[in-house]
Amino acid sequence: MGKPDADGPGLPDLPPEWGRVVVPDDASALAAEAEQLRRELGGTPRHAVPPPPARSPFALALLVLLVAVLTTLAGLAAVTWPRPGRSTPEPTPTPYAPPAGAAGRPLPALDLADAGQSPVPLRGLVPAMIILVDGCPCPADVATAATLAPAGVTVVTVAGTRPVRATPPAGATVRPLADPAGGLRSFLHLPARPGAVTALLVDRTGVLVKVVPEIHSAEDYRADLTRLAA
């Protein structure tokens with residue numbers, strides 16, 4: 001701060017380039033200068049905000065298309081993404097059960113066909129072990145049954161359209177026949193299964209003693225086969 005000015009006691013030192021500063025006693029003397037200053041300041045905005053740029057219609061359409069594509073991809077990912085801990089259970093095979101009430105019924109009066117297509121009455125072969133080989137020739141199973149069959153019991157193989165010849169062991173006999181009409185399967189309500197043979201044990205009166213839907217071993221029929229000769 002400097003010393004007071006001679007013309008204005010109490011005023012601080014001012015820059016010399018301002019010149020002589022005169023402070024009037026009446027503020028109304030500065031009305032003209034104030035009005036001019038207001039006009040100058042009012043013509044120029046203090047904060048000029050630029051207008052927002054116009055959006056192109058093409059850019060808006062592109063944005064909408066992009067959102068639609070992303071939504072579709074997200075939905076596909078949610079559907080096809082593998083979920084841990086879930087696996088398709090394998091189907092349980094249906095057990096090959098014998099028909100209900102088949103045992104104890106008389107054997108139907110069917111005529112089967114031999115190799116010369118001559119009819120052979122099935123009831124004329126009892127007592128017999130009838131092996132259905134329309135699902136599998138299974139010569140080993142046929143040979144085992146022929147070996148175990150007691151004297152007087154006929155081992156008969158029944159195929160579908162033509163008799164299947166088997167080579168029995170020495171001293172054993174097998175009668176090959178065919179059932180083109182599928183009469184035995186219809187009587188049993190037991191369809192053929194690939195790789196499996198079915199056995200029927202019939203006593204001398206023509207009554208069905210036992211049905212073995214699928215032979216696994218000789219123990220499935222050994223005891224009943226022995227009793228057929230009684």
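Here are a few questions and answers about this predicted model.

Local features need pLDDT of at least 70 and side-chain atom pairs count only at pLDDT 80 or more, while totals for chains, interfaces and linings use all residues. Residues are numbered from 1 along each chain as its sequence is written, and side-chain values use heavy atoms, leaving out hydrogens and water.

Reader: Which helix or strand gives the largest share of the largest nonpolar core?
Author: Happy to help! A nonpolar core is a set of buried (under 20% relative accessible area, 1.4 Å probe, protein chains only) Ala, Val, Leu, Ile, Met, Phe, Trp, Tyr and Cys residues joined through side-chain atoms within 4.5 Å. The largest one has 23 residues, with Met129 and Val197 among those with the most contacts inside it. Strand 3 (128–132), helix 3 (139–148), strand 4 (154–159) and strand 6 (198–202), all DSSP runs (helices H or I, at least four residues; strands E, at least two) numbered from the N terminus, each supply at least two residues of this core. The largest share, 3 residues, comes from helix 3.

Reader: Which cysteines does valine 197 contact, beyond its neighbours within four places in sequence?
Author: Good one! Contact means heavy atoms within 4.5 Å. Valine 197 touches Ile131 and Ile215, among others, and its list also includes Cys136 and Cys138.

Reader: What is the handedness of the disulfide of cysteine 136 and cysteine 138?
Author: A disulfide is a pair of cysteine sulfur atoms within 2.5 Å, and here the sulfur atoms of cysteine 136 and cysteine 138 are 2.0 Å apart. Cysteine 136 counts as buried because its relative accessibility is 14%, and cysteine 138 does so at 12%. The torsion about their S-S bond is about 110°, so the disulfide is right-handed.

Technical notes:
Buried means under 20% relative accessible area, exposed over 50%, partly exposed in between (1.4 Å probe, protein chains only).
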